[in-house]
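Trainee: I have a model open and would like to go through its strands and charged pairs. Can we start with the strands?

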Amino acid sequence: MKKWFTPLVVVCYMAVAPNWAGGQTVALPEQINTTFEENQPLVTLDGKRIYFSRRGDQRNMGDRNNADCWYAEKNSSGEWTDPIHCGMVINNFEDNALVATDFRSSWGLVKDGTDTGRFIELEINGPKIERTNQLTWTDSMSNFQVLDVHLLTERGIGILSIRNHGSGDTDLYVTVRTAKDTTWSMPIKLKGGINGRQDERYPHLAPDGETLYFSSTSHGGFGGSDIFISRLDGQDPSVWSSPKNMGRSINSALDETASSLSITDRTLYFVRTLPLKGSDLFSVNLEPTFMPQSMSLVAIHSDCQGQLVK
């Protein structure tokens, strides 16, 4: 069994903010972006592996119209290889997506079903991956319809998008836990102007736990849904800065959603919905001011079957 380690990564960014987030947006290659729909990317910290959901592939479990989790890796030339289906541990007969892992990939969180609010924890131990428990909270979540979750177990913080049963729109909430507790606190709605009158979805926390990327239709911009950035404002985990649009280098007249950050190569992966085609995956190299400001990390990752890989 091979093991793969990244060295300690120290990232410090200081720059004057431009009015765009990065360079040219690039569509991922055709072996990833197929005639099917690709969605919900989750990239490892080093940018060498990307998990995503794919809908419509006949190799998916159950109905081909279900979305299953797949992954692809970069080869020694930095090119993406052919994607691999994540198998029966992560996938079942529901819509599935891997939505979070810890820094060392010994824990994961898989989404079971579309808008069901059901998220299952994974335990990754050497060559073995097991589904363990449904994500648990300190109190009943019957009044909440959780659509999206991104947790940082090392930081003890997570951001959720929750549908409002009255208005039907979605807002972002925060949940926290202590190192000794296996449950997460009841969600508290984010403050600081993040939540508008329409929908905030697909939160993605950078590994510092203080930088948040999310999609929104509430704050204007270039199209239907744009990607925004916000930063933790002080010690209260529910207080965040006013959201900032990521600019034309990412957002367009189309819908941009579901982002995921690779730290070491400073790349944001995201979803763009194309006319007639459906959703595809794109990437863009970020300007330093749109990155986490400072952090140190160690990461290990494994394949979907649990094998640690080089």
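Mentor: This is a predicted model. Strand E4, residues 49-55, runs antiparallel to strand E5, residues 67-73, and 7 bridges join the two.

Trainee: Which residue stands opposite isoleucine 50 in E5?

Mentor: Alanine 72 does.

Trainee: How many strands form the open sheet, and in what order?

Mentor: There are 4 strands, ordered E3-E4-E5-E6, with antiparallel pairing. Strand E3 (37-43) and strand E6 (84-85) are the edge strands, each pairing on one side only.

Trainee: What holds paired strands together in general?

Mentor: Backbone hydrogen bonds, in either a parallel or an antiparallel arrangement.

Trainee: Charged pairs next. How many salt bridges does the structure hold?

Mentor: It holds 14 salt bridges. One of them is between arginine 54 and glutamate 38, whose closest N and O atoms are 2.9 Å apart. That pair links distant parts of the chain, with arginine 54 in strand E4 and glutamate 38 in strand E3, 16 residues apart.

Trainee: Is arginine 54 buried or exposed?

Mentor: Arginine 54 counts as buried because its relative accessible area is 2%, and the cut-off for buried is under 20%. Glutamate 38 is buried too, with a relative accessible area of 0%.

Trainee: What else forms a salt bridge with arginine 54?

Mentor: Aspartate 57 does, with 3.3 Å between the closest N and O atoms. Both aspartate 57 and arginine 54 are buried.

Trainee: Which residues are linked in the network of salt bridges?

Mentor: Glu38, Arg54, Asp57 and Arg59.

Trainee: And further along the chain, what does lysine 277 meet in a salt bridge?

Mentor: The side chain of aspartate 280, at 2.7 Å from N to O. Lysine 277 is partly exposed, with a relative accessible area of 23%. Aspartate 280 has 7% relative accessibility, so it counts as buried.

Trainee: Changing topic to cysteines: how many disulfides does the count come to?

Mentor: The count comes to 0 disulfides.

Trainee: Where is the nearest cysteine sulfur to cysteine 69, then?

Mentor: It belongs to cysteine 86 and is 3.4 Å away, and cysteine 69 is in no disulfide. The cut-off for a disulfide is a pair of sulfur atoms within 2.5 Å, so that pair does not count.

Trainee: Is cysteine 69 buried or exposed?

Mentor: Cysteine 69 is buried, with a relative accessible area of 0%.

Conventions: Residues are numbered from 1 along each chain as its sequence is written. This is a predicted model: local features need pLDDT of at least 70, side-chain atom pairs count only at pLDDT 80 or more; totals for chains, interfaces and linings use all residues. Side-chain values use heavy atoms; hydrogens and water are left out. Two strands pair if DSSP finds at least two bridges between them. A salt bridge is a side-chain nitrogen of Lys or Arg within 4 Å of a carboxyl oxygen of Asp or Glu. Buried means under 20% relative accessible area, exposed over 50%, partly exposed in between (1.4 Å probe, protein chains only).
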